[in-house]
Amino acid sequence: MSLEVRVAECLASGDPVETERTFNALVDALNRGQIRAASRQDDGMWQTHAWVKQGLLMGFRLGRLTAAGHDRAPFFDKHTFPLKSLRLEDRVRLVPGGSAIRTGSYVAPGVICMPPMYINTGAYVDEGTMIDSHALVGSCAQIGKRVHLSAAAQVGGVLEPAGALPVIVEDDVFVGGGCGLYEGVVVRTGAVLAPDVTLTGSTRIYDLVNECILSSREVPARAVVVPGARAVTSSFGRSQGLSLYTPVIVKYRDAKTDAATVLEDALR
């Protein structure tokens, strides 16, 4: 019986013993990267696997509050969501200093975690990615290969509603310091986000290169996005000289951009 079917049956029956067994199997599969909360389809579109998120939500219902840590640094959380267990053989570079990776997340070999940073349950972080200090990878977020999440970058998470698309960051993306990605934003391969770019599911992006407005929640492949502003056109807005934040595509990635965003080999 597939894990997806087992989750569905547990949701219907509510049998606590089988539900905990199924939840543990789900977490194990997530930790190994055998399943994930969303995956890219052959046509390039991303599909949410609602049953995975429903299974994680089962764990919160099952969980009982338990003590962790030690006397000087106590923690209290659901027993079903401890820290992810890493070994040297996993080849994840987890630098000391206050970082945490929650169980039910996949962190591939070659990932670099600079302190303090946090990866939440259901997340998927692929090979060669660097998660810098004070960066967050939220629940079920999907991060591709060789991504650089710079200091204080915030990748939002989502468990509910179960069918909602998580934030997707595809391969070879550079996310500048202080960026915020929320509400199922998809950042396509090779894009560059300058520091302090904020994107949500309803953010419009102004493309100066192609002279158009992008109303979808996607950043095009290899786009270079910077924070910008647009004038408020109401009479009051004009009289007060007001403007609103807006992200702007100023160019598409070229050799000069590639050189500026390469991770130094020495850091690896």
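Me: Before I look at the sheets in this predicted model, what has to be true for two strands to count as paired?

Reply: Two strands pair if DSSP finds at least two bridges between them. In general, strands of a sheet pair through backbone hydrogen bonds, and they do so either parallel or antiparallel. In this structure, one open sheet has 6 strands in the order S7-S10-S13-S16-S19-S24, with parallel pairing. Its edge strands are S7 (106-107) and S24 (218-219), each of which pairs on one side only.

Me: Which strand is joined to S24, and by how many bridges?

Reply: Strand S19 (residues 186-187) is joined to S24 by 2 bridges, and the two run parallel; within this part of the sheet, Val186 stands opposite Glu218 in S24.

Me: What is the strand order in the open sheet of 10 strands?

Reply: That sheet follows the order S5-S8-S11-S14-S17-S20-S25-S26-S22-S23, and its pairing is mixed. Strand S5 (93-94) and strand S23 (212-214) form its edges. Inside the order, S8 (residues 112-113) runs parallel to S11 (residues 130-131) and is joined to it by 2 bridges, with Cys113 opposite Ile131 in S11.

Me: How should I read the packing of two helices, and at what angle do H1 and H2 pack?

Reply: Two packed helices are described by the angle between their axes and the distance between the axes. Here, helix H1 (residues 3-13) and helix H2 (residues 16-32) pack at about 145°, with their axes 10 Å apart, and their crossing is left-handed. The residues in contact include Leu3 and Val7 of H1 together with Ala25 and Leu26 of H2; by class, the contact has 6 nonpolar, 2 polar and 3 charged residues.

Note on methods
Residues are numbered from 1 along each chain as its sequence is written. This is a predicted model: local features need pLDDT of at least 70, side-chain atom pairs count only at pLDDT 80 or more; totals for chains, interfaces and linings use all residues. Side-chain values use heavy atoms; hydrogens and water are left out. Axes are lines fitted to C-alpha atoms, for helices over the stretch in contact, and angles run from 0 to 180 degrees between N-to-C directions. Helices (H or I, at least four residues) and strands (E, at least two) are DSSP runs, numbered from the N terminus. A crossing is left-handed if the near helix is turned anticlockwise from the far one by less than a right angle, and right-handed if clockwise. Contact means heavy atoms within 4.5 Å. Ala, Val, Leu, Ile, Met, Phe, Trp, Tyr, Cys and Pro count as nonpolar, Asp, Glu, Lys and Arg as charged, and the others, Gly among them, as polar.
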